[in-house]
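User: Could you take a close look at one part of this structure and tell me how it sits among its surroundings? Informal is fine, but please spell out your cut-offs.

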Amino acid sequence: MTSFREQALIHIDRNQIDQAIDQLQQHLNTNFFDWEAIHLLGTCFIDRGMNGHAAALLSHSLEIQKQATGKPWSRTLLNLGAAYRNEKRFTEAADLFRLAIDAGMETKVEEAHALSNSAGCHLAEGRFEQSLEESNRAVECAAPKVIPDILFNRSFAHLALGHWVEGWEDHEAGFNTHVRSKRTYPGIPEWDGSKGKRLIVWGEQGIGDEIMFASVLPDAIRDSAKVILDCHPRLIDLMKRSFPMCDIYGTRKQMQAVSWVDEAEAEAAISISQLCRFYRTTDQSFPGAPYLKAESAPALRAGQSKPRIGISWVGGTKLTNGEFRSISLEKWLPILKAVDAEWFSLQYTSDAARQACELEEKHGVTIHHWPGWVEARNYDRTATFVDSLDLVITVATSIYHLCGSLGVPVWVLASSKPSWRYTPQNELWYRQTARFFRQSGTDWAPVMADVAAALRDVEKKNAA
C-alpha cells in the first residue's frame with residue numbers, strides 16, 4: 001500500500017499541490033518529526049505563495065536535520081532562501097543561498113542556480129558589482145552547460161553598470177526562459193543587422209519598456225528600406241503620429257497569426273529591445289533627445305497661469321519591487337507645499353482618485369485627477385495630457401519613459417534599490433529631459449526636501 005508520503009511525492013511530480021499538501025498533513029499526523037515531509041510541505045506552501053508558513057516549516061525541518069544528521073540539507077536551505085526572497089527579504093535570502101552552497105550541492109548545475117539566485121538578491125538590493133561577480137561564478141560553475149536563466153539574470157547587472165555589449169548579449173537569453181516569448185512570423189528570419197531590408201520590429205515587455213526601446217526606432221528606420229512596427233495596442237495612435245514613415249499595427253499581443261504579415265513583404269524581423277544590440281553599444285550611442293510626438297491640446301492649459309505639475313507616486317507591483325519604488329502621498333507634502341502650482345495626478349492605479357481626495361480633505365492640498373486622461377486605454381490621450389504639463393515629478397514608472405520620450409521635463413525619485421533602468425548609468429536614455437533625485441538608505445524625506453528646494457529655486461529663477 002502506498003504511504004501518504006509516497007502519494008504526496010506523486011502529486012508533487014504531477015504539480016497537484018493541493019493534493020500533496022493534504023497527503024503530507026495526514027502523514028505528519030502520525031510522523032511529527034519527519035524532516036523530509038516537513039521540508040516537502042514547506043516547499044508546497046511556497047508554491048501557494050504562503051511564504052511565512054513555508055519559512056516556519058523549513059526552519060523547523062532544518063532544526064530536526066541538524067539533530068538527526070549533524071548538518072543541514074542544502075535543498076532545504078535553498079527553499080528557505082526562496083521564501084525569504086519572495087517576500088523581498090533579499091539580504092537574508094542571499095545568506096541562505098550561500099549557506100546552501102557551503103552545505104554542498106548535489107550537482108554543479110544546482111550550485112550554479114544557487115549562485116544565480118544569490119546574484120538576483122544582490123541585484124534587487126542595488127549591489128550590482130556583487131551581483132555580477134556571483135553571476136559570473138554561476139556561469140563558470142555551470143560550464144560547459146549554458147543556462148539561459150543565469151545569463152538573463154546576469155544581463156541586468158551588466159545593464160545596470162552600463163556594460164552595454166555584454167548586457168544586450170545576455171539579455172537575448174531571456175527568450176529561452178519562461179519570462180519572455182519570442183514572436184515569430186512564418187517564413188521571416190530574424191534580422192542580422194543587414195541594411196536596406198524591409199524590417200518588422202515587434203514590441204515586448206511593458207508599455208514603459210516599449211516606449212523606452214522605441215528610441216532606437218529612428219536608427220532602424222535610417223538603415224532599413226521600410227520598418228513595420230508591431231506594437232502594443234494601447235500605443236498604436238502615439239506610434240503612428242511619431243513615426244509616420246512606418247507601417248504601424250497594434251497586434252503584438254495577438255498570439256495567432258496576423259493578417260497584415262503577408263502583405264508587408266518583410267525580409268526580416270526583430271524585437272524592439274534586440275535593436276539595442278546594434279545601436280546602443282556605447283554611452284555615446286544614446287542620443288537622449290525626444291522621439292515621440294503628442295497631439296497638441298491648447299484647451300488643457302486654457303485660463304491657467306500657474307505652473308502645471310504632474311505627479312505619480314506609485315510604481316510597480318510586489319513582483320517588481322513596488323514597495324521600494326512607491327511613496328505615499330503624505331510624504332509628498334513638502335513638495336506639494338513648496339510652490340504655488342496646479343497639481344495633477346498621473347497615477348493610473350484604481351485608488352488614485354480616493355488617495356488624492358483624502359489628502360485634500362486632510363491637508364487642503366488639491367491634486368486634480370482626471371481619469372479620462374490618465375487612465376485611458378489609448379495611451380495617446382495620456383501622452384497628450386503629459387505634453388500639456390510644465391514638469392512631471394514621478395517615481396520609477398512608465399510615466400518617466402513617456403515624459404523622456406516626449407521631451408517633457410521630468411524629475412525622477414529613484415530608490416536606493418533601483419532596477420537597471422533607473423541606475424546612474426541609465427540616465428543616458430533621456431539625458432536632455434530627465435533629472436534624478438536619488439535615495440540613500442531607506443528614508444524618502446531627504447529626497448522630498450531636495451525636490452522641494454529645487455522647485456523653489458526654479459520659481460525664483462522664473463520670477464527674476
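Analyst: **A lysine and the helix it meets**

Leaving aside residues up to four places away in sequence, Lys-293 touches Leu-238, Arg-241, Ser-242 and Leu-406; a contact here is heavy atoms within 4.5 Å. Before we go on, this is a predicted model, so local features need pLDDT of at least 70 and side-chain atom pairs pLDDT 80 or more, while totals for chains, interfaces and linings use all residues. Numbering runs from 1 along each chain as its sequence is written, and side-chain values use heavy atoms, without hydrogens or water.

Back to the lysine. Lys-293 belongs to the loop between α15 (276-279) and β5 (308-312); helices (H or I, at least four residues) and strands (E, at least two) are DSSP runs, numbered from the N terminus. Lys-293 counts as exposed because its relative accessibility is 52% (exposed is over 50% relative accessible area, buried under 20%, partly exposed in between, with a 1.4 Å probe and protein chains only). Ser-215 sits 78 residues away from Lys-293 in sequence, with 12 Å between the two C-alpha atoms.

Now follow one of those contacts, Leu-406, into helix α21. That helix spans residues 398-406 and is mostly covered, with 9 of its 9 residues buried. The buried set is Ser-398, Ile-399, Tyr-400, His-401, Leu-402, Cys-403, Gly-404, Ser-405 and Leu-406. So the exposed Lys-293 touches Leu-406, a buried residue of α21.

What covers the helix? The cover over the buried residues of α21 includes the helices α11 (207-213), α13 (236-242) and α20 (379-387), plus the strands β8 (391-395), β9 (410-414) and β10 (434-438). Helix α13 ties back to where we started: Leu-238, Arg-241 and Ser-242, touched by Lys-293, have numbers within the 236-242 stretch of α13.

At the other end of the list is Ser-398, also found in helix α21. Ser-398 is counted as buried because its relative accessibility is 14%. Not counting residues up to four places away in sequence, its contacts are with Gly-208, Tyr-348 and Tyr-379. Of these, Gly-208 has a number in the range of α11, and Tyr-379 in that of α20. Just past the helix, Gly-407 has a positive phi of about 85°.

That phi is a good excuse to check the backbone elsewhere. Most residues other than glycine have a negative phi, and most peptide bonds are trans. Here are some departures from that pattern.

Asn-15 has a positive phi, near 60°, in a residue other than glycine. Asn-15 lies in the loop between α1 (4-13) and α2 (17-28), and with a relative accessible area of 55% the residue is exposed.

Glu-265 also has a positive phi, near 55°. Its place is the loop between α14 (261-264) and β4 (268-271). Glu-265 is exposed as well, with a relative accessible area of 57%.

As for the peptide bonds, the one from Ala-143 to Pro-144 is cis, with omega near 10°. Pro-144 is in the loop between α8 and α9 (148-160).

To pull the part you asked about together: α21 has 9 of its 9 residues buried, α13 and α20 are among the elements that cover them, and Lys-293 reaches the helix through its contact with Leu-406.
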